[in-house]
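Please study the sequence and the structure shown here before attempting the exercises. Each task is followed by a solution in steps.

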Amino acid sequence: MPRNNQPCRDSPASSIRGPLVKRPLIVLVVLFVALAGVRFGLLTDANIVRVTENWLSTKMDRRIHVDGEASIVWGNPLRIRASSVELANPPWAKNPLMARAASVEAAVDLTTIAGDQPLIITELIIKDLTGELVSNEAGQANWEFGRPDSDGSTNFLIQEIELKAGALDVRRYDFQPVDFNIETLRQVENAEGLLQTTLVGSYNKRPVDASGLIGPFNNILNGENIRLALSASIGTLKIDG
C-alpha cells in the first residue's frame with residue numbers, strides 16, 4: 001500500500017516535484033513512436049536492445065552492454081529486464097570493465113528522457129554483481145556517473161535500489177586493495193523525501209552493517225542543500241556521522 005502522496009513501485013516518478021512534475025506529452029510521443037516502430041517492424045528485439053544500450057550509455061556517460069537476453073515493457077515507467085549486463089569503466093581506469101551482473105531490471109521515468117533534466121531511474125534491481133570500485137590521484141572515481149553540471153546538479157539519479165549478492169574489489173591509488181562483499185543493499189525514498197539506504201555485507205572478511213540517509217530527493221536533483229547521515233559498523237569499529 002503506497003503512502004499518502006507517494007507512488008507505488010510501478011508508478012511513474014510523479015512524486016518528483018518542481019520542473020520534472022508529469023510531462024504527459026513526452027510520454028505519449030514516446031509510446032506512439034514505439035508502437036509505430038513495432039507495427040512496421042522497425043523495433044525488433046535486437047534493435048530495442050541496441051537503442052536502449054546507446055541511450056543509457058549516453059545518459060550515464062559510460063558504455064553499457066547486454067550480453068544475454070533482454071526485454072522491454074512499454075509504459076511509464078519503462079521497464080527494462082536484461083541478463084549478463086556489463087558496465088564499462090571510465091577511460092582512465094586500467095581495467096576496461098567496471099562491473100558485470102547476472103541480471104538487471106530497471107524502471108525509467110519517461111518524462112525525464114528528453115531535454116537537459118536528469119534521467120530518473122525509479123527502481124533498479126541487480127542480482128549477482130561482480131566488479132571493482134577504483135579512484136585515482138586526480139580524485140576521479142569510477143562510481144561517479146554522467147557529467148555533473150557547473151551548478152553541481154547531476155544528469156543521472158537512481159531513486160530506489162535493490163542489490164542481491166555482490167563482490168567488489170575496492171582500490172584507491174594510495175591504499176592497499178580490499179575485498180568488499182555485499183549480501184543485500186537497498187535504497188528507498190522515505191516519507192520525508194530522503195533516500196534511505198541499508199547495507200549488509202563484509203569488508204576484508206569483517207562484517208559490515210550500515211544505514212544512511214541522503215536528500216531530500218529534489219535537492220539531490222538540483223545539487224544543493226543536501227542532508228547526509230550515516231551509521232555503520234565494520235567489525236568492532238563503529239561509525240556515526
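The exercises below concern a predicted model.

**Exercise 1. Overall make-up**

Determine how many helices and strands the chain has, and what percentage of its residues count as buried.

*Solution.*
1. The chain contains three helices and 12 strands.
2. Of its 241 residues, 42% count as buried.
3. The chain exposes about 13800 Å², and carbon and sulfur atoms supply 57% of that area.

**Exercise 2. Strand pairing around S8**

Identify the strands that pair with S8 and the sense of each pairing.

*Solution.*
1. Strand S7 (residues 161–171) pairs with strand S8 (residues 178–189) in the antiparallel sense, over nine bridges. Within this pairing, Ile-161 stands opposite Gln-187.
2. S8 also pairs with strand S9 (residues 195–203), again in the antiparallel sense and over nine bridges. Here Val-188 has Gln-196 of S9 as its bridge partner.
3. S8 and S9 form a hairpin with five residues between them. In the turn, Gly-193 has a positive phi of about 80°.

**Exercise 3. Salt bridges between strands**

For Arg-79, Arg-100 and Glu-162, find the salt-bridge partner.

*Solution.*
1. A search of the whole structure finds six salt bridges.
2. Arg-79 pairs with Glu-105, with the closest N and O atoms 2.8 Å apart. Arg-79 belongs to strand S3 (residues 78–88) and Glu-105 to strand S4 (residues 97–108), 26 residues apart. Since under 20% relative accessible area means buried, Arg-79 is buried at 8%. Arg-79 and Glu-105 are also linked with Arg-81 and Glu-123 in a network of salt bridges.
3. Arg-100 meets Glu-86 in a salt bridge of 3.1 Å, N to O. Arg-100 lies in S4 and Glu-86 in S3, so the pair ties together parts 14 residues apart in sequence. Arg-100 is partly exposed at 39% relative accessibility, whereas Glu-86 is buried at 18%.
4. Glu-162 pairs with Arg-186, with the closest N and O atoms 3.2 Å apart. Because Glu-162 lies in S7 and Arg-186 in S8, the pair ties together parts 24 residues apart in sequence.

**Exercise 4. Nonpolar groups**

Locate the nonpolar cores and a nonpolar surface patch.

*Solution.*
1. The largest nonpolar core has 36 residues, and Ile-121, Leu-124, Ile-126 and Leu-129 have the most contacts inside it.
2. A second, separate core of six residues includes Leu-157, Leu-195, Ile-220 and Leu-221.
3. On the surface, Leu-230, Leu-237 and Ile-239 form a nonpolar patch with about 240 Å² of accessible area together. Ile-239, in strand S12 (residues 237–240), is partly exposed at 32% relative accessibility.

Key: Residues numbered from 1 in each chain as written. Predicted model: local features only at pLDDT ≥ 70, side-chain atom pairs only at ≥ 80, totals over all residues. Heavy atoms only, no water. Patch = residues over 30% accessible without salt bridge, like charges linked within 9 Å, V, L, I, M, F, W, Y side chains within 5 Å. Areas by Shrake-Rupley, 256 points an atom, 1.4 Å probe, with all protein chains shown as cover. Salt bridge = Lys/Arg side-chain N within 4 Å of Asp/Glu carboxyl O. Helix = DSSP H or I, 4+ residues; strand = E, 2+ residues; numbered from the N terminus. Buried < 20%, exposed > 50% of the residue type's maximum accessible area, 1.4 Å probe, protein only. Core = buried A, V, L, I, M, F, W, Y, C linked by side-chain atoms within 4.5 Å. Pairing = 2+ DSSP bridges.
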